[in-house]
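Q: I'm new to reading protein structures. Could you walk me through a few features, one at a time?

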Protein chains: 2
Amino acid sequence: MTATLKVSEILEAALYVTDLAAAEEFYTKILGLSLYSRFAERHVFLRCGDQMVLLFNAEATVHSGDGPLDAPEHGMKGAGHIAFAVRDHEIDQWKEHLTTQGVSIEKEICWEKGRSLYFRDPSGNSVEITSPAIWRIEENMFFSRR
Amino acid sequence: MTATLKVSEILEAALYVTDLAAAEEFYTKILGLSLYSRFAERHVFLRCGDQMVLLFNAEATVHSGDGPLDAPEHGMKGAGHIAFAVRDHEIDQWKEHLTTQGVSIEKEICWEKGRSLYFRDPSGNSVEITSPAIWRIEENMFFSRR
């Protein structure tokens with residue numbers, strides 16, 4: 001029975017940031033995520049389609065019972081990573097958009113299929129915009145379900 | 001033109017682990033993700049539905065040009081977080097499955113809608129299995145697209 005149990009949907013991806021306000025501005029104004037909620041110096045929760053990007057201040061979340069929620073403690077230091085999927089034909093628009101917004105493209109990689117733009121959020125996390133094709137996920141199939 | 005650009009799909013969520021082999025076993029055998037690729041002591045890439053969970057050894061990825069890929073450097077230390085969506089009625093099956101597999105449920109939280117199981121991966125990352133309802137995302141809508 002339980003042998004067939006498996007997860008197949010990421011619901012929340014977490015990033016740790018050193019400046020929540022700057023991160024909120026970056027992810028909402030530049031990447032277009034929607035603010036879901038924020039709590040003091042602990043977190044900013046963002047909606048990304050029907051998934052969540054959770055931005056945490058690790059200095060708060062490493063302590064349990066630190067917020068309105070009583071979730072187990074966690075917290076990381078350093079530069080994390082997240083990637084967002086867009087259609088391959090939108091990559092050039094994103095490049096222009098990011099540049100116009102003052103976000104430097106740190107690197108652009110052309111894979112066997114698809115390509116990736118890499119840039120940094122204000123806390124130094126490595127953010128990528130790319131096509132699902134880089135993982136051999138057919139783009140039309142990926143987006144037709146959304 | 002670019003004002004309407006926004007991302008709405010998480011494609012990759014990253015976690016940092018101290019033991020890649022143990023993490024691979026945990027995420028594939030217990031959570032049911034599929035191995036996509038692995039590279040020496042640098043990473044294990046897993047497919048989760050049509051998204052990716054990337055497990056990295058931060059000691060390798062903090063250096064650029066460290067692997068077969070030449071992606072910008074990143075890497076974190078500490079305990080990260082990820083959540084996977086399941087249907088609310090499956091939560092009890094998951095609880096039984098995890099316990100049977102020797103994974104301790106660290107905490108169970110009942111939200112206004114839905115509930116969450118929290119447990120640790122072998123590196124101490126805080127993993128959550130929950131319903132999209134906790135974020136006011138209607139479960140049938142969420143899963144009907146998948």
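Below, a learner and a teacher talk through interfaces, salt bridges, a buried charge and a hairpin.

A: Sure! Keep in mind that this is a predicted model.

Q: Let's start with the two chains. How big is the area buried between chain A and chain B?

A: The size of an interface is often given as the accessible area lost when the parts come together. Here, chain A and chain B bury about 6500 Å² between them, and carbon and sulfur atoms give 61% of that. Chain A brings 69 residues to the contact, and chain B brings 69 residues too.

Q: How many residue pairs are in polar contact between chain A and chain B?

A: The count is 27 residue pairs, both partners at pLDDT 80 or more. On the side of chain A that touches chain B, the largest share comes from β1(A), with 6 residues.

Q: And how many salt bridges cross the interface of chain A and chain B?

A: Side chains of opposite charge can pair when their charged atoms come close. Across this interface there are 2 salt bridges. B:Asp70 and A:Lys107 meet in a salt bridge at 2.8 Å, N to O. B:Asp70 counts as partly exposed because its relative accessible area is 40%, and A:Lys107, at 26%, is partly exposed as well.

Q: What about salt bridges over all chains: how many are there?

A: The count comes to 12 over all chains. Take A:Glu24 and A:Arg38, whose closest N and O atoms are 2.6 Å apart. This pair links distant parts of the chain, with A:Glu24 in helix α1 and A:Arg38 in strand β2 of chain A, 14 residues apart. A:Glu24 has a relative accessible area of 14%, so it counts as buried.

Q: Which residues are linked in a network of salt bridges?

A: That would be A:Asp92, A:Lys95, A:Glu108 and A:Arg115. Within this group, A:Asp92 and A:Arg115 meet at 2.8 Å, N to O.

Q: Now A:Glu12. Which side chain of opposite charge is nearest to it?

A: It's A:Arg42, 9.5 Å away, and A:Glu12 has no salt bridge even though it is buried. A:Glu12 sits in strand β1 of chain A, and its side chain makes a polar contact of 2.8 Å with the side chain of B:His81. A:Glu12 also touches other residues, including A:Met52, B:Ile82 and B:Trp135.

Q: Last one: how many bridges join strand β2 to strand β3 in chain B?

A: There are 5, and the two strands run antiparallel. β2(B) and β3(B) form a hairpin with 3 residues between them, and B:Ala40 in the turn has a positive phi of about 35°. Look for B:Leu35 too, which stands opposite B:Leu46 in β3(B).

Methods: Residues are numbered from 1 along each chain as its sequence is written. Chains are lettered from A and ligands numbered from 1 in the order in which they are written. This is a predicted model: local features need pLDDT of at least 70, side-chain atom pairs count only at pLDDT 80 or more; totals for chains, interfaces and linings use all residues. Side-chain values use heavy atoms; hydrogens and water are left out. Helices (H or I, at least four residues) and strands (E, at least two) are DSSP runs, numbered from the N terminus. Buried means under 20% relative accessible area, exposed over 50%, partly exposed in between (1.4 Å probe, protein chains only). Lys and Arg count as positive and Asp and Glu as negative; His and the chain ends are not counted. A salt bridge is a side-chain nitrogen of Lys or Arg within 4 Å of a carboxyl oxygen of Asp or Glu. A polar contact is a pair of N or O atoms within 3.5 Å; within protein, one must be able to donate a hydrogen and the other to accept it, and residues adjacent in sequence count only if both atoms are side-chain atoms. Contact means heavy atoms within 4.5 Å. Two strands pair if DSSP finds at least two bridges between them. Buried area is the accessible area (1.4 Å probe) that two parts lose on being put together, summed over both. Lists of a residue's contacts leave out its neighbours within four places in sequence.
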